[in-house]
Amino acid sequence: MPQKQSRSSRREFLASTLAGTAAMALRGDAIAAAPTPPYPTYDKAQIAITLDLEMARNFPKWSDTQWDYEKGNLNQAAKDYTVAACQRVKERGGRIHTFVVGQVFEQENVDWLKQIAADGHPIGNHTYDHIYVLAQSPAELQYRFARAPWLIGGRELPDVIRENIALTNVALKERVGVETNGFRTPGGFATGLENREDIQNILLGLGFDWVSCRYPAHAGMEDLYGSGRKPSQLAFDEILRAQAESQPIRYSTGLIDVPMSPVSDIGAFRTGRWELASFLEAVELGVNWAIENHAAFDFLAHPSCLGVVDRDLQAIDLICDIVAKSPDKAELVTLDAIVAKAKPQLSPERKPS
Ligand SMILES: [Zn+2]
């Protein structure tokens with residue numbers, strides 16, 4: 001309870017400070033224009049719901065680790081949750097941007113994915129084996145290759161990475177009949193693909209003009225399992241602070257990154273082992289920040305994780321509810337739509353106003 005009070009009083013303080021600043025600006029004779037934020041802005045906040053279609057260690061049971069070797073072998077519960085979530089968001093007038101691990105196309109039946117595609121939910125590429133694209137050695141790429149290095153043989157690392165991404169495009173086209181919509185790196189990196197022009201160029205060479213890779217660092221995510229405690233005020237403050245760092249950026253090669261907005265379900269339920277209520281509170285903070293700042297919010301979850309702790313789709317309903325309450329200020333969008341609006345603002349030729 002004390003946490004809640006201090007959070008809302010902080011919000012009130014910020015709101016009154018901003019109102020005061022605006023009033024002073026209006027009174028002044030000089031130009032009253034607010035400083036341009038260091039990220040793209042939009043008439044309506046761009047709220048995206050994204051799901052990475054993969055299995056996750058520690059879910060559904062904490063002892064589960066086999067998924068490290070079969071990230072794309074989705075169980076029925078994960079597929080059912082994905083279908084239900086997509087259906088729910090479509091009913092609310094939006095679409096979910098999904099990212100698929102190519103292994104799933106080895107399953108006998110992919111009708112559920114065909115239905116998702118037919119309903120207009122974009123499907124992006126999350127590599128074939130859920131590989132770590134910043135790996136410095138083949139063994140670092142993925143647990144599967146550490147255990148079975150002969151799958152890589154003597155091939156060069158960049159070739160293996162390129163093939164692992166390209167295969168997913170091919171499998172998606174052959175089994176579902178649609179083109180890949182964007183790329184998301186397995187794992188999110190606080191510095192994104194900064195200083196990795198080699199990886200940026202592999203992606204550009206495969207036809208991707210945007211990725212979703214960056215996930216800003218945020219402190220305070222201690223493991224609260226069984227403690228009965230809520231996350232600290234620091235955890236919420238850090239999540240709020242990280243929203244400005246979760247806005248689209250342009251790398252030197254021209255590749256655009258639409259970062260994932262903290263906190264992810266894995267961050268909350270694996271790293272922090274939070275209760276669902278705390279996760280919902282953090283999501284609400286993030287979405288509201290995006291609305292107040294005409295910015296983007298890229299909600300990241302995994303059916304194999306969120307589907308276990310939030311069977312009733314409370315998180316997804318919450319996001320849809322917030323957007324529905326502010327139809328003039330926010331809209332549900334997919335990541336490619338955010339890129340279309342952000343890209344012109346990130347152009348190197350664009351002069352600061
Ligand atoms: Zn992943």
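**Exercise 1. Classify F99, then find its ring partner.**
State whether F99 is buried or exposed. Then describe the aromatic pair of F99 and W210.

*Solution.*
Step 1. This is a predicted model. F99 has a relative accessibility of 0%. Buried means under 20%, so F99 counts as buried.
Step 2. Turn to W210. Its relative accessible area is 5%. W210 is therefore buried as well.
Step 3. The rings of F99 and W210 are 6.4 Å apart, centre to centre. Their planes stand at 85°. That makes the pair edge-to-face.
Step 4. Place the two residues. F99 belongs to strand 2, residues 96-100. W210 belongs to strand 5, residues 210-214. The pair therefore ties together parts that are 111 residues apart in sequence.
Step 5. Widen the view. The structure holds nine aromatic pairs. Ring pairs also join F269, F279 and F299 into a cluster.

**Exercise 2. Work out the zinc site.**
Which residues coordinate the zinc ion? Why is the arrangement irregular?

*Solution.*
Step 1. List the donors. E54 supplies two OE atoms, while H126 and H130 each supply NE2. The distances run from 2.0 to 2.8 Å.
Step 2. Check the angles. The four donor atoms subtend 52 to 138° around the zinc ion. A tetrahedral site needs all angles between 85 and 135 degrees. The angles at this zinc ion make its arrangement irregular.
Step 3. Read the spacing along the chain. The zinc donors follow E-x71-H-x3-H.
Step 4. Locate two of the donors. E54 sits in the loop between strand 1 (45-53) and helix 2 (76-91). H130 sits in the loop between strand 3 (123-125) and helix 4 (138-141). The pair therefore ties together parts that are 76 residues apart in sequence.
Step 5. Check the exposure. E54 and H130 are both buried.

**Exercise 3. Find charges over rings.**
Over which ring does the charged end of R147 sit, and over which that of R273?

*Solution.*
Step 1. Take R147. Its charged end sits over the ring of Y69, 3.5 Å from the ring centre.
Step 2. Take R273. Its charged end sits over the ring of W62, and the distance to the centre is 4.0 Å.

**Exercise 4. Explain the unusual backbone.**
Where are the cis peptide bonds from F59 to P60 and from P262 to V263? Which values does phi take at N195 and H294?

*Solution.*
Step 1. Start from the general pattern. Most residues other than glycine have a negative phi, and most peptide bonds are trans.
Step 2. The bond from F59 to P60 is cis, with omega near 0°. P60 lies in the loop between strand 1 and helix 2.
Step 3. The bond from P262 to V263 is cis too, with omega near 10°. V263 lies in the loop between strand 7 (256-257) and helix 9 (265-271).
Step 4. N195 is not a glycine, yet its phi is positive, near 65°. N195 is in the loop between strand 4 (183-189) and helix 7 (197-205). Its relative accessible area is 64%, so N195 is exposed.
Step 5. H294 has a positive phi of about 55° and is not a glycine either. H294 is in the loop between helix 10 (276-292) and strand 8 (296-301). Its relative accessible area is 38%, which means H294 is partly exposed.

**Exercise 5. Place L234 in helix 8.**
What does L234 touch? How many residues of helix 8 are buried?

*Solution.*
Step 1. L234 is part of helix 8, residues 233-242. With a relative accessible area of 47%, L234 is partly exposed.
Step 2. Leave out residues up to four places away in sequence. L234 then touches A219 and G220.
Step 3. Compare sequence and space. L234 and M221 are 13 residues apart in sequence and 8.8 Å apart from C-alpha to C-alpha.
Step 4. Count the buried residues. Seven of the 10 residues of helix 8 are buried, so helix 8 is largely enclosed by the rest of the structure. Among them are F236, I239 and L240.

**Exercise 6. Describe the whole chain.**
How many helices and strands does the protein chain have? What share of its residues is buried?

*Solution.*
Step 1. The chain has 13 helices and nine strands.
Step 2. Of its 353 residues, 51% count as buried.
Step 3. Consider contacts between residues at least 6 apart in sequence. Of these, 78% join residues at least 24 apart.
Step 4. The accessible surface is about 16,300 Å². Carbon and sulfur atoms account for 53% of that surface.

Terms used
Residues numbered from 1 in each chain as written. Predicted model: local features only at pLDDT ≥ 70, side-chain atom pairs only at ≥ 80, totals over all residues. Heavy atoms only, no water. Helix = DSSP H or I, 4+ residues; strand = E, 2+ residues; numbered from the N terminus. Buried < 20%, exposed > 50% of the residue type's maximum accessible area, 1.4 Å probe, protein only. Contact = heavy atoms within 4.5 Å. Areas by Shrake-Rupley, 256 points an atom, 1.4 Å probe, with all protein chains shown as cover. Donors = N, O, S within 2.8 Å, 3.2 Å for Na, K, Ca; no water. Tetrahedral: all angles 85-135°; square planar, octahedral: opposite > 155°, others 65-115°. Phe/Tyr/Trp six-rings, centres within 6.5 Å; stacked < 30°, edge-to-face > 60°. Lys NZ or Arg CZ within 6 Å of the ring centre and 35° of its normal.
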